[in-house]
Amino acid sequence: MKKRLATLVLLAAAVFSLTACGDANCKHDGCNEEIEKDGYCAAHYLEHALEDAANALGGLLG
C-alpha cells in the first residue's frame, strides 16, 4: 500500500511540474523563438539589454 501511495504522489508531482512550466517561446510580440533568458530569445534579450543600458546612460548624462 505504501508503494502505491508513493507512486501516486510521484506521478502527481510529475504532472504538476510539467504543467507548471511557462511559455517556451519568446515573449516579444510575433516572435516564436525559444527562450534564452528572462523570457526573451537571444536577439530580443540583447535588444532589451541594450535599451536598458542606453536608458541608464541617458539618465546619467541628462
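1. The sulfur of Cys26 has its closest cysteine sulfur in Cys41, 3.9 Å away, which is too far for a bond. In this predicted model, a disulfide would require the two sulfur atoms to be within 2.5 Å. The structure accordingly holds 0 disulfides. Cys26 is a buried residue, its relative accessible area being 7%.

2. Cys31 presents a related case. Cys41 again supplies the nearest cysteine sulfur, here at 3.8 Å, and Cys31 takes part in no disulfide. Cys31 counts as buried because its relative accessible area is 11%, where the limit for that class is under 20%. Cys41 is thus named both as the cysteine closest to Cys26 by sulfur position and as the one nearest to Cys31.

3. The reader may wish to place these residues within the overall fold. The secondary structure of the chain consists of 2 helices and 0 strands. Helix α1 covers residues 2-19, and helix α2 covers residues 42-61. Among contacts between residues at least 6 apart in sequence, 0% join residues at least 24 apart.

4. How much of the chain counts as buried? The figure is 10% of the 62 residues. The accessible surface of the chain comes to about 5,500 Å², and carbon and sulfur atoms account for 61% of that surface.

5. His44 belongs to helix α2. With a relative accessible area of 14%, His44 is buried. Leaving out residues up to four places away in sequence, His44 touches Cys26, His28 and Cys31. Two of the residues discussed above, Cys26 and Cys31, are therefore among the contacts of this histidine, contact meaning heavy atoms within 4.5 Å.

6. Glu33 is located in the loop between α1 and α2. Apart from its neighbours within four places in sequence, Glu33 is in contact with Ala24, Asn25, Cys26 and Cys41. Cys26 thus appears in the contact list of Glu33 and also in that of His44. Between Glu33 and His44, which stand 11 residues apart along the chain, the C-alpha separation is 9.6 Å.

7. Lys37 is also placed in the loop between α1 and α2. Is Lys37 buried, exposed or partly exposed? Lys37 is partly exposed, because its relative accessible area is 46%. The C-alpha atoms of Lys37 and Cys26 lie 9.1 Å apart in space, and the two residues are 11 apart in sequence.

8. The backbone at Asp38 merits attention during review. Most residues other than glycine have a negative phi. The phi of Asp38, by contrast, is positive, near 55°. Asp38 occupies the loop between α1 and α2. Asp38 counts as exposed because its relative accessibility is 53%, and the cut-off for exposed is over 50%.

9. The final point concerns the surface. Which residues make the nonpolar surface patch? Leu57, Leu60 and Leu61 make this patch, which has an area of about 380 Å². Leu61 is found in helix α2. With a relative accessible area of 71%, Leu61 is exposed, whereas His44, found in helix α2 as well, is buried at 14%.

Conventions
Residues numbered from 1 in each chain as written. Predicted model: local features only at pLDDT ≥ 70, side-chain atom pairs only at ≥ 80, totals over all residues. Heavy atoms only, no water. Patch = residues over 30% accessible without salt bridge, like charges linked within 9 Å, V, L, I, M, F, W, Y side chains within 5 Å. Areas by Shrake-Rupley, 256 points an atom, 1.4 Å probe, with all protein chains shown as cover. Salt bridge = Lys/Arg side-chain N within 4 Å of Asp/Glu carboxyl O. Helix = DSSP H or I, 4+ residues; strand = E, 2+ residues; numbered from the N terminus. Buried < 20%, exposed > 50% of the residue type's maximum accessible area, 1.4 Å probe, protein only.
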